[in-house]
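Work through the exercises below with the structure in view. Try each task before reading its solution.

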Amino acid sequence: MSAAASSKLLSTPSLRKPWGVSLPPRFASFPALPRRTRRRSLVIVLSMGAKPTVLVTEKLGEAGLELLRGFANVDCSYDLSHEELCTKISLCDALIVRSGTKVTREVFESSVGRLKVVGRAGVGIDNVDLAAATEHGCLVVNAPTANTIAAAEHGIALLTAMARNIAQASASMKAGEWKRSKYVGVSFGEKTLAVMGFGKVGSEVARRAKFLGMKVVAHDPYAPADRARAMGIELVTFDEALSRADFISLHMPLTPATSKIMNDEAFAKMKKGVRIVNVARGGVIDEDALVRALDAGVVKQAALDVFTEEPPSKDSKLVQHESVTVTPHLGASTVEAQEGVAIEIVEAVIGGLKGELSSTAVNAPMVPAEVLSELAPFVVLSEMLGRLAVQLVAGGSGVKTVKVTYASARGPDDLDTRLLRAMITKGLIEPISSMFVNLVNADVAAKQRGLHITEERIILGGSPESPLEFIQVQIANVESKFPSAMSETGEIKVEGRVKDGLPHLTKVGSFEVDVSLEGSLILCRQVDQPGMIGRVGSVLGEENVNVNFMSVGRIAPRKQAVMAIGVDEEPTKAALKKIGEIPAIEEFVFLKLLKAPSNLFRLSPGKDAEDGDGEFAIIVEQVESSMKSFGKKTLEELKEQPMKRGRREKERERALLSGKKNRVEQRSESQSSPTFYHFKLLLQFIDMASDSKVSESETRNADGSVMEKRVETVHYQSTPARPGQTERRRDVEVVHQYHPSEADSGSGAGSMVADAAASMASSIRSTKDAISGKANESSK
Ligand SMILES: NC(=O)C1=CN([C@@H]2O[C@H](COP(=O)(O)OP(=O)(O)OC[C@H]3O[C@@H](n4cnc5c(N)ncnc54)[C@H](O)[C@@H]3O)[C@@H](O)[C@H]2O)C=CC1
Ligand SMILES: O=C(O)C(=O)COP(=O)(O)O
């Protein structure tokens, strides 16, 4: 197996850039979040060996296409009909469009869940049905900045061309005429320009118009007055802008509120002889009303780059009007802007496919990298709590009223709960439905299922080192399979905290417990008495089920107690029955958490689109260069290399060991230079890969067909934060899991289950061999 091919399978959330945190490029494939490396699980997510497919339906700059080809199979199919687009889309993971492609609800429906990202290579997203995208969990990103200058320059070009009749005079001269008096223009000096929409393009137009000697006013209900003031531009009302302007330039987006905002009524408020430029969207003008205003002389001239229908009909009165200058939507069409837009959109689409949160996401919250990095363990905790809570409901489907409480010592504005709420929603919905929930569609998914989630903040005293102290999820108006999970007030209640970087369940009903949320969980209620741990433990031991954590929460000695047992493997039904039959156990429940905690931003249920190429190469390169720089011949020698630690590393290590880290340290860690710390992570990875074992298992339906297939790696992880210490841990993770709903979704995923699982198992094995082989080779 080639290095490149094997590398695709090394796509672990912890080994690539999780949460969009930026690492130095050399370490792009190393963990950004190994703060608590001890017991941190490494999850390998299958990429099914395939590159994602990206459909590009309109001309895109070559530099962007080149970048895209390095990551995906790129299908450039221009001039597709709507039907052709709907047919093709079911084979595509992402779609890149400009303004000419209508991405309608039908397109999302036709994609049958495969389309994960729509990239709009430009600003206006009025051609994308955002509501449909959101409902389908499809991320929409745009390229909001790269064509600003081009659009502003085109606005100014139209303004000046219009004022001096350039287009008309040029056409006349080419027709053999020489008419100097017919094309007398107007000057800008002392004239007032009203910029409608004082955003990126509008303000650049305003800046340029001032240099032309114009007085500039602007109307924008949402623009900050101080920004306008700083530019010496007066912000005025809509009516005032219309009544004062000699020239009007339109720069607002097309939305239901701005549709046909320039209508008969608006034209009636304008000065007679006003001149209008539109490089925004045709739809902001009522085009019939404009023709009337032109014919009546209210509007003296218009210069239009955009039209309600594009292209407009050949006999459009507006296009043919002698006083109108037209261009075919050329605002963004400069060489520079198109290269910039292409790169901007391709980067956003690749990020989206990798599951990173893009800063240009249109239908998902933008969360700064350092906030994401800090919230990451709470994001996992949130999903786990949602999963636990819903599995405690008897029947499961009647969940309607959920209350989430976030307790924090930080100020109320210092916590973005959208991510956490989305993950709790995911945890609540996914175990009991075939829906796939992500950050994009979480709120919509909750609404569709009639799930009402309320959020409450508790502000605690004390030091706000951590963003959150605990998260509590309560489900009201339901019964529980495990009645002890009910609070005094009659809701199912689970509470969790992050300890040592890992999610812990700390309360069930009114019982305090403390169990790390890894693997799965058995909750038992019994009368507190000696020997209970041993009895349950031995049933599990006989079944070869590894207990990873255990805690007992009791009201008082020898009274009621709840025992929480974390298990790596799922016990058989017989083992669970045996536990239930232990006389002192009064109630118990088995809760499945095994599905690897998902990357919230992963946009697809079953697979992660991955860069892949390069991760393996980077690891090998790191091994090679480290050997060289330390003058070592073998991997073993390299591992023994005593590391000199600087003050920063020592501090970081201390923080790691004490489990304490402040935000500044966490931030600096994610941006830190290649040091001792990274090197140790590299060694840790090699250890993990070379010790890992792979096992496959499957669950079958009654008819013998595969219902669920899993591949698990068991690996040993040393503790790089404690040099010289040999303690090793065993971690088990399900690395891939199919749900029956996917298998019979008809999308072809089901038929790939067996192949995918087998290919991953063999790839992990060969990757392991390849790493040690390559490292040893390089030492020769
Ligand atoms: N002709 C072309 O090739 C291009 C056209 N455009 C169009 O220009 C528009 C503006 O682009 P940017 O400046 O980059 O966007 P932007 O988002 O930076 O600015 C739009 C501004 O319009 C304001 N606005 C919203 N509703 C308004 C209303 N009712 N009245 C007045 N202002 C309102 C917003 O507050 C915002 O400040 C885009 O939406 C797009 O449709 C953009 C680039 C190229
Ligand atoms: O960015 C915008 O909003 C534009 O209107 C540019 O459109 P285009 O990409 O040139 O079709």
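**Exercise 1.** Which residues of β10 lie on one side of the strand and which on the other, and are they buried or exposed?

*Solution.* The model is a predicted one.
Step 1. List one side of β10: Val274, Ile276 and Asn278.
Step 2. List the other side: Arg275 and Val277.
Step 3. Apply the cut-off, under 20% relative accessible area for a buried residue. The residues on both sides of β10 are all buried, and both faces of the strand are covered.
Step 4. Check against the count for the strand, which covers residues 274-278: 5 of its 5 residues are buried.

**Exercise 2.** Find the strands that pair with β10 and give one residue pair for each.

*Solution.* Step 1. Strand β9 (residues 247-250) is joined to β10 by 4 bridges, and the two run parallel. Across this pairing, Phe247 is opposite Arg275 of β10.
Step 2. Another 5 bridges connect β10 with β11, again in parallel. Here Asn278 has Leu304 of β11 as its bridge partner.

**Exercise 3.** Place these strands in their sheet and state which strands stand at the edges.

*Solution.* Step 1. Write the order of the 7 strands: β8-β7-β6-β9-β10-β11-β12. The sheet is open and its pairing is parallel.
Step 2. Look at the edges: β8 (234-235) and β12 (324-326) each have a single partner strand, so one side of each has no neighbour in the sheet.
Step 3. Follow β12 to its partner. Strand β11 (residues 299-304) pairs with β12 over 3 bridges in the parallel sense, and Ala303 has Thr325 in β12 as its bridge partner.

**Exercise 4.** Compare the end-to-end distance of helices α14 and α16 with the span expected at 1.5 Å a residue, then describe how each is covered.

*Solution.* Step 1. Helix α14 (residues 335-354) has 20 residues; 28 Å is expected, and the distance from its first C-alpha to its last is 29 Å, which is close.
Step 2. Helix α16 (residues 418-429) has 12 residues; 16 Å is expected and its end C-alpha atoms are 16 Å apart, in agreement.
Step 3. In α14, 14 of the 20 residues are buried, so the rest of the structure largely encloses this helix. After α14 comes Gly355, with a positive phi near 90°.
Step 4. In α16, 11 of the 12 residues are buried, including Leu419, Arg421, Lys426 and Ile429. The buried residues of α16 pack against two helices and three strands by name: α15 (369-391), α17 (442-448), β13 (401-408), β14 (452-459) and β15 (470-476).

**Exercise 5.** Describe the second largest pocket by its volume and its lining.

*Solution.* Step 1. The volume of this pocket is about 1,100 Å³.
Step 2. Its lining has 49 residues, and Val123, Gly124, His251, Met252 and Pro253 lie nearest the centre.
Step 3. Sort the lining by class: 22 residues are nonpolar, 17 polar and 10 charged.
Step 4. Helix α8 (residues 200-211) gives the largest share of the lining, 3 residues.

**Exercise 6.** Where is Gln529, and how far is Gln529 from Gln560 in sequence and in space?

*Solution.* Step 1. Gln529 belongs to the loop between β19 (520-527) and α18 (532-542).
Step 2. The relative accessible area of Gln529 is 31%, so this residue counts as partly exposed.
Step 3. Gln529 and Gln560 are separated by 31 residues in sequence, and their C-alpha atoms are 9.3 Å apart in space.

Definitions and conventions:
Residues are numbered from 1 along each chain as its sequence is written. Chains are lettered from A and ligands numbered from 1 in the order in which they are written. This is a predicted model: local features need pLDDT of at least 70, side-chain atom pairs count only at pLDDT 80 or more; totals for chains, interfaces and linings use all residues. Side-chain values use heavy atoms; hydrogens and water are left out. Two strands pair if DSSP finds at least two bridges between them. On a 1 Å grid over the protein atoms alone, a cavity is a set of points where a 1.4 Å probe fits but cannot get out, and a pocket is an open set with protein on both sides within 12 Å along at least five of seven lines; lining residues have an atom within 4 Å of a point. Grid points are joined across faces, edges and corners, and a volume is the space filled by probe spheres set on the points. Ala, Val, Leu, Ile, Met, Phe, Trp, Tyr, Cys and Pro count as nonpolar, Asp, Glu, Lys and Arg as charged, and the others, Gly among them, as polar. The expected span of a helix is 1.5 Å times one less than its number of residues. Buried means under 20% relative accessible area, exposed over 50%, partly exposed in between (1.4 Å probe, protein chains only). Contact means heavy atoms within 4.5 Å.
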